[in-house]
Amino acid sequence: MAELFEHYELAVARMTTKRKNTRWNRRYTAKQVKDFLDARYPDLLADHFDATVFEDYLGWLQEQPYTPQTIENALIGARTMFK
């Protein structure tokens, strides 16, 4: 799973066509997913991030002090990361 985050962050850093704040938002999203997995599923493999874990991630985001817009962005980012 750690490799997935490293590859994702490298890919985000290479996005020269994206605006700086878009790249930052995607890195921030990756950090949110990483924090969630470290807290709840420290031994999860990337191919086991399924709909059940995604639902748990949504619940975890709602427990955090995030705005609805931040939650929506985080979910979109997570979906993109695990495609």
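How far apart are the mean positions of the 12 positive and 12 negative charges of the protein? In this predicted model, the two mean positions are separated by 14 Å.

The secondary structure of the protein consists of four helices and zero strands. Read from the N terminus, the order of elements is α-α-α-α. Along the principal axes, the C-alpha atoms occupy a box of roughly 35 × 30 × 20 Å. A compact globule of 83 residues would have a radius of gyration near 12 Å, and the value for the protein is 12 Å, so the two agree. Of the contacts with a separation of 6 or more, 51% join residues that are 24 or more positions apart. The exposed surface of the protein comes to about 5,700 Å², of which 53% is supplied by carbon and sulfur atoms. Buried residues make up 28% of the 83 residues.

Helix H2 covers residues 20-40. With 21 residues at 1.5 Å a residue, this helix should span 30 Å; the C-alpha atoms at its ends are 31 Å apart, and the expected span therefore agrees with the model. The buried residues of H2 are Thr22, Arg23, Thr29, Ala30, Gln32, Val33, Phe36 and Leu37. Two of these, Thr29 and Gln32, are described here with their contacts.

Thr29 lies in H2 and has a relative accessible area of 6%. Because the cut-off for a buried residue is under 20%, Thr29 is counted as buried. When neighbours within four places in sequence are set aside, the residues in contact with Thr29 are Tyr57, Asn73, Ala74, Gly77 and Ala78. Gln32, also a residue of helix H2, has a relative accessibility of 2% and is therefore buried. Residues up to four places away in sequence not being counted, Gln32 touches Tyr57, Trp60, Tyr66, Thr70 and Ala74. Tyr57 and Ala74 thus appear in the contact lists of both Thr29 and Gln32.

Leu4 belongs to helix H1, which comprises residues 2-13. Its relative accessible area is 23%, so Leu4 counts as partly exposed; this class lies between the limits of under 20% for buried and over 50% for exposed. Beyond residues up to four places away in sequence, Leu4 touches Ala46, Met81 and Phe82. Leu4 and Tyr41 are 37 residues apart along the chain, and 15 Å separates their C-alpha atoms.

Phe82, one of the residues touched by Leu4, also enters a distance with Asp50. Asp50 is placed in the loop between H2 and helix H3 (51-63). A relative accessibility of 40% means that Asp50 is partly exposed. Although 32 residues separate Asp50 and Phe82 in sequence, their C-alpha atoms are 9.3 Å apart in space.

Glu72 is situated in helix H4, residues 68-81. With a relative accessibility of 44%, Glu72 is counted as partly exposed. Between Glu72 and Leu61 the C-alpha to C-alpha distance is 9.6 Å, and the two residues are eleven residues apart in sequence.

Definitions and conventions
Residues numbered from 1 in each chain as written. Predicted model: local features only at pLDDT ≥ 70, side-chain atom pairs only at ≥ 80, totals over all residues. Heavy atoms only, no water. Helix = DSSP H or I, 4+ residues; strand = E, 2+ residues; numbered from the N terminus. Expected span 1.5 Å × (residues − 1). Buried < 20%, exposed > 50% of the residue type's maximum accessible area, 1.4 Å probe, protein only. Rg over C-alpha atoms; globule rule 2.2 N^0.38 Å. Contact = heavy atoms within 4.5 Å. Areas by Shrake-Rupley, 256 points an atom, 1.4 Å probe, with all protein chains shown as cover. Lys, Arg positive; Asp, Glu negative; His and termini not counted. Charge placed at Lys NZ, Arg CZ, Asp CG, Glu CD.
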